[in-house]
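I opened the model to look up a helix packing, a helix face and a few single residues. My notes follow.

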Amino acid sequence: MRINVFGLGYVGCVSAACLARAGHEVTGVDIDPLKLEMIRSGRSPIIEPGLEAIIDEVIRCRRLTPADVEQPADVSLICVGTPSNPNGSASLEYVERVSQQIGRLLRNSNDFHVVCVRSTVPPGTVEELVVPILESGSGKRLERDFGV
C-alpha cells in the first residue's frame, strides 16, 4: 500500500519505518527540516533501540521517503503532536492542519482512502473535528468515499 505518515515524532517515525520495512511505500511527512534530513541520511531523529538500522534499510530500499508534503496514498496516518494548552486541554491545531491537507489530497483522488488518527486526542475529536474537515476539504463523504 501507499501510506502517508503525518508527523515524524516517536509514534510517526516508528510507524513509518516499520510499515516501510513490511513492504509498504511510505511517505513520512513533517514540517521539521532537520528530522527530514536525518531520515534521508538513514539516521533516526528519535532514540528508540533498533530504529536507526530499520530507517537506514528502508531509505536504501526506497520504501520510505521523508517529505514536507503528502503524496497520493491509500492510507494516511495522523501522528502529530497534541501539546497542552495553558488550561491543560489538548491543542488540536496540528490535527486540524493535517486534516485539511488530507482533505485536499482526497479532493484530487478517485480512490477510497483510509485515515487513521494515532495522535492522542480527546473523545469525540474524530467525529466532531476530523471528519467534518475531511468532508469539507474534499467534497466527499465518510464511508462512501473514505473511511476513518
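Before placing anything in a loop, I note that helices (H or I, at least four residues) and strands (E, at least two) are DSSP runs, numbered from the N terminus. The model is predicted.

**Entry 1: a loop residue.** With the elements fixed, I looked up arginine 62, which sits in the loop between α3 and β3. Its phi is near 60°, a positive value in a residue other than glycine. I then checked accessibility: arginine 62 has a relative accessible area of 72% and is exposed, since exposed means over 50%.

**Entry 2: another positive phi.** I went on to glutamate 143, in the loop between α5 (125–138) and β6 (146–147). Phi of glutamate 143 is near 75°, again a positive value in a residue other than glycine. Its relative accessibility is 67%, so I list glutamate 143 as exposed.

**Entry 3: α1 against α3.** Two packed helices are described by the angle between their axes and the distance between the axes. I looked up both for α1 (residues 10–21) and α3 (residues 51–60): the axes come within 9 Å and cross at roughly 50°. The two helices are therefore oblique to each other. The crossing of α1 past α3 is left-handed. I listed who makes the contact: from α1, Cys13, Val14, Ala17, Ala20 and Arg21; from α3, Leu51, Ile54, Ile55, Glu57 and Val58. Sorted by type, the contact residues of α1 and α3 are 8 nonpolar, 2 charged and no polar.

**Entry 4: the two sides of α2.** Which residues of helix α2 (residues 33–40) are buried? I found Leu36, Met38 and Ile39. These buried residues lie on the same side of α2, because they cover an arc of only 160° around the axis. Pro33 and Leu34 are exposed on the other side of α2. I also looked up what covers the buried residues of α2, and the cover includes the helices α1 and α3 and the strands β2 (25–29) and β3 (64–67).

**Entry 5: a residue of α5.** Is threonine 125 buried or exposed? I had placed threonine 125 in helix α5. Its relative accessibility is 6%, so threonine 125 counts as buried, the cut-off being under 20%. Leaving aside neighbours within four places in sequence, I found threonine 125 in contact with Leu92 and Val130.

Notes. Residues numbered from 1 in each chain as written. Predicted model: local features only at pLDDT ≥ 70, side-chain atom pairs only at ≥ 80, totals over all residues. Heavy atoms only, no water. Axes fitted to C-alpha atoms, helices over the stretch in contact; angles between N-to-C directions. Parallel < 35°, antiparallel > 145°, perpendicular 65-115°, else oblique. Left-handed = near helix turned anticlockwise from the far one by under 90°. Contact = heavy atoms within 4.5 Å. Nonpolar A, V, L, I, M, F, W, Y, C, P; charged D, E, K, R; others polar. Buried < 20%, exposed > 50% of the residue type's maximum accessible area, 1.4 Å probe, protein only. Arc of directions from axis to C-beta.
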